[in-house]
Amino acid sequence: MEIYWHIKGKYQKIAKDGETRKATPLKTIINDIQAIATQQKISNVSTINQSFGLNFLPLNIVNNLLEKNLSKSAILINQKIKPSLESSRNFQPKEFDYKFIPEESEGIDTLILASDNQQIPVNLIDVCEGVYQLKLSENHNNPIIKQKTENAFYELNLIIQEQPLTIIDQFLQNPDAENCVISLYDDCIALLKIEDLPINLQEAIKILKNDSSLTSENLLVKAYRQQYLTLSPINLISSLSDNVMMTGDNQITINRGKHRELLYELIEKAEKFLLISSYRLEDEDIINLIVNKASSLPLGIWILTDFNDEVIKIVDENVEDKEDYLEYASSN
């Protein structure tokens, strides 16, 4: 397990030669990148994209920047940039020191950062406000950090012992269920891996993740299902008047567009709740309409469905390659 302290303060970038850092034109940056790539014998655009802090940009954007900089095609058919020998011969990259200056209220001294520290903001010119994640260690010499570490580890162990169902739920909310983040007091967080937990918690998580049946005798599994998976009964329809009669001849379908507009209208005009009964929902437009409506309904949306193992398998196979559905993957 790892514990981090979120420290408020400012990042600072200072040239080692003492010169004040000024904003660098984009053309200069691209020239420098191309020069360094030439020195390092790196000619593949995708490698440049990953190696020079540009991986936040799509590959085609990096390619276009190189192309515009050269005023001609930046790549050959094999996706390689042309060397920039003139700018690489006398190129001397400027070196910088990086610091993080905590706020006075944090009570600790300035932190010296390595130039490859991934927490340094990409767009840092000279100074900018931010938050630094300091990994806490029990053998740290600073008394404030040492006390912070002891308090955080004590609190985390207490949560694991006294709130095991909360820990289980945090792991299950993560799609891979192999790790989770626990918020602690004093601006700290804990990164837990499943192997960091007691054996009984590990077993409960594995059962709940892989076993869809309700037959497990594991006490933690039973307690979790009772607290998190059992809905309190709410009589949603006690005040509804039975003024609409539906017969077997009035089935509503959305095949080939039939009744689609009627379903749109029913969803959009709902004022208190939606009660949906369907063994399977797979129409993307209808699903998005339901999701968007959820926040405005005081009693929410209730779906009665028959998601047995066979249906789940079919649905998973149908949507596993559709990125649009990933935002719903961890939803309950």
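**Exercise 1. Find how much surface the protein exposes, and what supplies it.**

Solution. Start with the total: the protein exposes about 22,900 Å². Accessible areas here come from the Shrake-Rupley method with a 1.4 Å probe, and for residues only the protein chains shown count as cover. Next, look at the atoms: carbon and sulfur supply 50% of that area.

Before going on, some ground rules. This is a predicted model, where local features need pLDDT of at least 70 and side-chain atom pairs count only at pLDDT 80 or more, while totals for chains, interfaces and linings use all residues. Residues are numbered from 1 along each chain as its sequence is written, and side-chain values use heavy atoms, with hydrogens and water left out.

**Exercise 2. Work out how confident the predictor is.**

Solution. Begin with the term: pLDDT is the predictor's confidence in each residue, from 0 to 100. The protein averages 76, and 69% of the residues score at least 70. Then check for a weak spot: over residues 73-79 the pLDDT is below 50. Beyond near neighbours in sequence, that stretch has 15 contacts in the model (a contact means heavy atoms within 4.5 Å).

**Exercise 3. Describe the overall build.**

Solution. First, count the elements: there are 11 helices and 8 strands. These are DSSP runs numbered from the N terminus (helices are H or I, at least four residues; strands are E, at least two). Second, look at burial: of the 332 residues, 29% count as buried (buried is under 20% relative accessible area, exposed is over 50%, partly exposed is in between, with a 1.4 Å probe and protein chains only). Third, take the contacts with a separation of 6 or more: residues 24 or more positions apart account for 64% of them.

**Exercise 4. Which rings form a cluster with Tyr11, and how does Tyr11 meet Phe100?**

Solution. Searching the whole structure gives 3 aromatic pairs. The rule: rings of Phe, Tyr and Trp (its six-membered ring) pair if their centres lie within 6.5 Å, and planes under 30 degrees apart count as stacked, over 60 as edge-to-face and the rest as tilted. Now apply it: the ring centres of Tyr11 and Phe100 are 4.8 Å apart with planes at 65°, so this pair is edge-to-face. Tyr11 is in strand β1 (residues 2-15) and Phe100 in strand β2 (residues 96-102), so the pair ties together parts 89 residues apart in sequence. Both Tyr11 and Phe100 are buried. Ring pairs link Tyr11, Phe100 and Tyr132 into a cluster.

**Exercise 5. Trace how helix α6 packs, then find the cores.**

Solution. Step one: in α6 (residues 164-173), the buried residues are Leu165, Ile167, Ile168, Asp169 and Phe171. Step two: those buried residues pack against α5 (143-162), β5 (179-184), β6 (188-193), α7 (199-210) and α8 (219-228). Step three: zoom in on Ile168, which touches Leu201, Ala204, Ile205, Leu208, Leu220 and Tyr224, leaving aside residues up to four places away in sequence.

Step four: look for nonpolar cores (sets of buried Ala, Val, Leu, Ile, Met, Phe, Trp, Tyr and Cys residues joined through side-chain atoms within 4.5 Å). The largest one has 41 residues, and Ile3, Ile167, Ile168, Ile182, Leu184 and Leu192 touch the most other members. Helix α5 gives the most to this core, with 6 residues. A second, separate core of 9 residues includes Ile267, Ile276, Leu289 and Leu297. In soluble globular proteins, nonpolar side chains tend to be buried together.

**Exercise 6. What is unusual about phi in Asp186 and Asp187?**

Solution. Recall the general rule: most residues other than glycine have a negative phi. Asp186 has a positive phi near 60°, and Asp187 has a positive phi of about 60° although it is not a glycine. Now place them: Asp186 sits in the loop between β5 and β6, and Asp187 lies in the loop between β5 and β6 too. At 46% relative accessibility, Asp186 is partly exposed; Asp187 is partly exposed at 43%.

**Exercise 7. Is Thr149 buried or exposed?**

Solution. Find Thr149 in helix α5. Its relative accessible area is 0%, so Thr149 is buried. Thr149 and Tyr4 are 145 residues apart in sequence and 8.8 Å apart in space, C-alpha to C-alpha.
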